[in-house]
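User: I have a two-part model to go through. Can we take it piece by piece, with short answers?

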Amino acid sequence: MVVIQPSRGWVGLKLKDLWLYRELVYFLTWRDIKVRYKQSVLGILWAILKPFMAMVVFTIFFGNFAKIPSDGVPYPIFSYTATLPWELFAAALGVASRSMVSNSNMVSKIYFPRMIIPLASVMSSVVDFFIGFTILIGMMIFYKVTPTIATLWLPLLILLALITALGVGFWSSALMVRYRDVGYIMPFIANLWMYLTPVVYPSSMIPEKWRLLYALNPMTGVVEGFRYALLGTTQSVSGGMILVSSLIAIAVLISGMFYFRRMEKQFADMI
Amino acid sequence: MSNLAVRVEDIGKQYNIFQETARYITLREKIVETLKTPVKTLLNPTGSEKFWALRHVDFTLDHGQVLGVIGKNGAGKSTLLKILSRVVEPTEGLAEIHGRVGSLLEVGTGFHPELTGRENIFLNGAILGMKKSEIERKFDEIVAFSEIEKFIDTPVKRYSSGMYMRLAFAVSAHLEPEILVVDEVLAVGDAEFQRKCLGKMSDVASEGRTVIFVSHNMSAIQRLTQECIILDKGAMVLRARTPEAVDYYLTNDFSASGERRYTEEESSSAAYPFKPIAVRVKNPSGQVTDSLFSVDPLTIEVEYQLDADITGLRIGIYMMTSRGEFIFTSFDTDEPEKFQSMSMRKAGHYISRCVIPADTFNEGRFVIGINASSYMVKRYFSDERAMNFSINTTGAPGMHWVEIRHGPIRPRLDWRIEEIA
């Protein structure tokens with residue numbers, strides 16, 4: 001039996017409902033992936049080109065001219081290892097933020113747990129990441145970087161990036177239903193965020209006493225974690241930093257879910 | 001176990017007026033507004049007027065019942081369906097639903113033009129709440145019903161609108177919930193398609209499924225439902241057996257003026273470039289009235305504006321009894337020569353007028369519906385109950401016998417009486 005009645009204020013997350021609709025998550029993810037690669041001719045090429053071009057520009061300007069240190073590894077692979085998870089995060093955050101508005105038709109016609117929409121759009125961003133990863137493997141061979149046992153941390157670090165994107169995405173997608181100009185603000189926030197994340201520079205540039213504070217940005221943990229897992233750099237990362245980043249990411253996710261659920265009842269009215 | 005399927009108790013839904021006009025605001029506006037008028041914002045956080053789209057609606061429905069919901073545009077029908085299908089949350093009240101609900105507020109929700117028919121079947125099925133295994137099981141049936149076998153692996157953006165609708169409806173029609181909530185899905189597509197949808201709907205109804213069905217189409221309501229509720233301005237006016245409810249609906253709450261004027265809101269943008277202005281009935285002396293004599297001819301006028309040229313436009317009237325039975329349908333370009341000469345109707349302000357000869361109607365109330373369409377192209381506008389009028393049979397044939405004459409028409413026939421040998 002389903003009881004329909006007005007809810008007030010903060011409401012439960014209804015994770016059980018989410019589980020019941022798990023197939024829909026799969027289908028929507030699959031739709032987003034399929035449509036993305038059908039629509040753009042560049043498709044796969046684009047997924048490679050974007051992080052690669054960023055790496056080239058970073059290497060020329062930050063690596064060569066500005067001579068930013070790179071924790072003892074060649075600057076190109078140093079920046080690419082960071083660009084890849086950063087792009088994953090930025091792309092996932094972008095689609096998640098727009099997801100509620102771009103699926104407004106579904107939201108106003110059919111009931112399903114709304115959290116599925118940002119969730120599916122975040123999942124669909126993973127494909128680009130794996131395509132870009134092939135380049136990284138090529139670069140590791142080129143620079144003769146031997147993977148260590150630390151590589152096993154990668155799946156967890158990818159998960160951390162996705163959790164962060166999803167958490168922020170819950171906030172921003174719900175806000176965007178209410179305030180459409182959030183759509184213009186998000187790219188700007190993502191841009192600033194990148195420079196607050198050690199993508200083009202190492203965390204080791206930051207005084208040791210500030211590092212834990214710096215790790216409050218969950219993407220710091222992700223990016224430095226990636227370098228540690230793949231390149232074996234140890235100057236810039238500590239277990240404490242990863243822990244701080246993870247805790248913040250989880251806090252953002254949980255708060256985002258609650259905020260999203262609170263706003264959810266108004267979605268169909270406003271969209 | 002009780003046989004109760006749906007219980008609705010004092011359900012109400014309130015909207016802010018501003019949500020109707022500008023439904024979202026920008027964060028920048030919000031910040032500026034909050035800074036400018038902190039006191040006002042604190043006192044009245046939404047800063048807008050409210051209205052009730054639906055209020056104090058109560059009803060129960062047993063398993064296996066088919067309930068019709070009728071009412072004018074804006075009466076709250078869609079709001080009720082959206083609440084029952086959990087798309088929007090009520091502002092007050094309670095509804096209990098015993099069983100799995102499937103809602104069809106439109107067909108083809110979530111269809112993506114870039115995906116093929118096959119892919120869209122799975123996607124749409126999942127959105128409607130079907131399991132993958134369930135879709136796989138019904139896949140062949142869905143394809144057969146939609147009659148698009150050959151194009152199943154073609155992206156739906158290449159489909160004709162008819163094919164698209166057929167596929168979309170086919171998926172929806174194979175949803176098998178215990179309780180089905182249906183909005184005017186039948187209002188789209190060509191006549192053939194509508195017939196097919198209606199057929200499928202009556203199958204569903206006769207299978208003993210619980211259905212809540214909203215429609216403007218009185219003949220569909222009569223075919224499919226046993227009981228109806230009538231909504232007006234958000235309130236429930238009547239719950240009765242279908243014939244009684246349809247009769248009540250068609251004869252009540254009309255302006256008794258002999259004229260029906262359309263407001264800007266009623267002529268929806270979907271009707272563009274057709275804009276209805278008025279429908280009126282006149283007696284032989286040219287007076288607009290809703291009460292006429294059967295022995296006089298009567299004139300029906302449809303006034304409208306075209307904001308752009310329309311090719312093949314035809315303006316039609318439906319004549320119905322107060323019970324919603326059709327008496328006849330007629331279009332202003334029924335004459336082939338007229339259709340040829342009016343093949344393109346230029347933008348402008350028009351009246352289409354016809355005269356119904358004397359001695360046509362029997363005593364009672366009659367309903368006029370209007371329709372503006374281009375055959376097989378588009379139905380711009382349709383209002384099946386534009387207005388009604390009553391007929392007085394003083395002086396009609398057979399009035400010297402005080403008895404009820406059955407049937408909606410009362411023609412004066414040229415009887416000859418011959419004596420044979």
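User: In β8(B), which residue is the bridge partner of Ile70(B)?
Analyst: This is a predicted model. Strand β3 (residues 66–71) of chain B pairs with strand β8 (residues 227–232) of chain B in the parallel sense, over five bridges. In β8(B), the partner of Ile70(B) is Ile230(B).

User: Which strands stand at the edges of the open sheet of six strands in chain B?
Analyst: The order in this sheet is β5-β6-β7-β3-β8-β9 (chain B), and the pairing is mixed. An edge strand has a single partner strand, so one side is left without a neighbour in the sheet. The two that fit are β5 (101–104) and β9 (235–241) of chain B.

User: What does the twist average from one strand to the next in that sheet?
Analyst: The sheet in question is the open one of six strands, β5-β6-β7-β3-β8-β9 (chain B). From one strand to the next, the twist averages 15°.

User: What does the twist average in the open sheet of five strands?
Analyst: That sheet has the order β12-β20-β19-β15-β16 (chain B), again with mixed pairing. Its edge strands are β12 (291–293) and β16 (326–331) of chain B, each pairing on one side only. The twist from one strand to the next averages 30°.

User: Which residue in β20(B) stands opposite Asn371(B)?
Analyst: Strand β19 (residues 364–374) of chain B pairs with strand β20 (residues 378–392) of chain B. The sense is antiparallel, over 10 bridges. Opposite Asn371(B) in β20(B) stands Ser382(B).

User: How far apart do the C-alpha centres of domain 1 and domain 2 of chain B lie?
Analyst: Domain 1 of chain B takes in 4–28 + 48–251, and domain 2 covers 259–392. Their C-alpha centres are separated by 29 Å.

User: Which element gives the largest share of the side of chain B that touches chain A?
Analyst: The contact takes 39 residues from chain B and 30 residues from chain A. On the side of chain B, the elements giving two or more residues are α2 (27–36), α4 (77–84), β4 and α5 (117–127). The largest share is five residues, and it comes from β4(B).

User: Which residue in β4(B) stands opposite Val2(A)?
Analyst: Strand β1 (residues 2–4) of chain A is joined to strand β4 (residues 92–97) of chain B by three bridges, and the two run antiparallel. Opposite Val2(A) in β4(B) stands Ile97(B).

User: And in β4(B), what is the bridge partner of Gly12(B)?
Analyst: Strand β1 (residues 4–16) of chain B also runs antiparallel to β4(B), joined by five bridges. In β4(B), Gly12(B) has as its partner Glu92(B).

User: Where is the kink in α3(A) centred?
Analyst: Start with the length: at 1.5 Å a residue, the 23 residues of α3 (residues 43–65) of chain A should span 33 Å. The end C-alpha atoms are 32 Å apart, which agrees. The helix still has a kink of about 30°, and the kink is centred on Thr59(A).

User: What covers the buried residues of α3(A)?
Analyst: Buried residues in α3(A) include Ala47(A), Pro51(A), Phe58(A) and Thr59(A). The cover includes two helices of chain A, α4 (75–102) and α7 (126–142).

User: How many residues of helix α6 of chain A are buried?
Analyst: Helix α6 covers residues 116–124 of chain A. Its buried residues include Ile116(A), Leu119(A), Val122(A) and Met123(A). The helix is largely enclosed by the rest of the structure, because the buried count is nine of the nine.

User: Which residues does the cis peptide bond join?
Analyst: Most peptide bonds are trans. Here omega is about 5°, so the bond is cis. Pro273(B) lies in the loop between β10 (259–261) and β11 (274–282) of chain B. The bond joins Tyr272(B) and Pro273(B).

User: Is Glu147(B) exposed, partly exposed or buried?
Analyst: Glu147(B) is in the loop between α6 (132–146) and α7 (161–173) of chain B. Its phi is positive, near 60°. It has 14 C-beta neighbours inside 10 Å, so Glu147(B) counts as partly exposed.

Note on methods. Residues numbered from 1 in each chain as written. Chains lettered and ligands numbered in written order. Predicted model: local features only at pLDDT ≥ 70, side-chain atom pairs only at ≥ 80, totals over all residues. Helix = DSSP H or I, 4+ residues; strand = E, 2+ residues; numbered from the N terminus. Expected span 1.5 Å × (residues − 1). Bend = angle between axes of the 7 residues up to and from the residue. Buried ≥ 20, exposed ≤ 12 C-beta atoms within 10 Å, placed from the backbone. Contact = placed C-beta atoms within 7 Å. Pairing = 2+ DSSP bridges. Axes fitted to C-alpha atoms, helices over the stretch in contact; angles between N-to-C directions. Domains from an automatic or database assignment.
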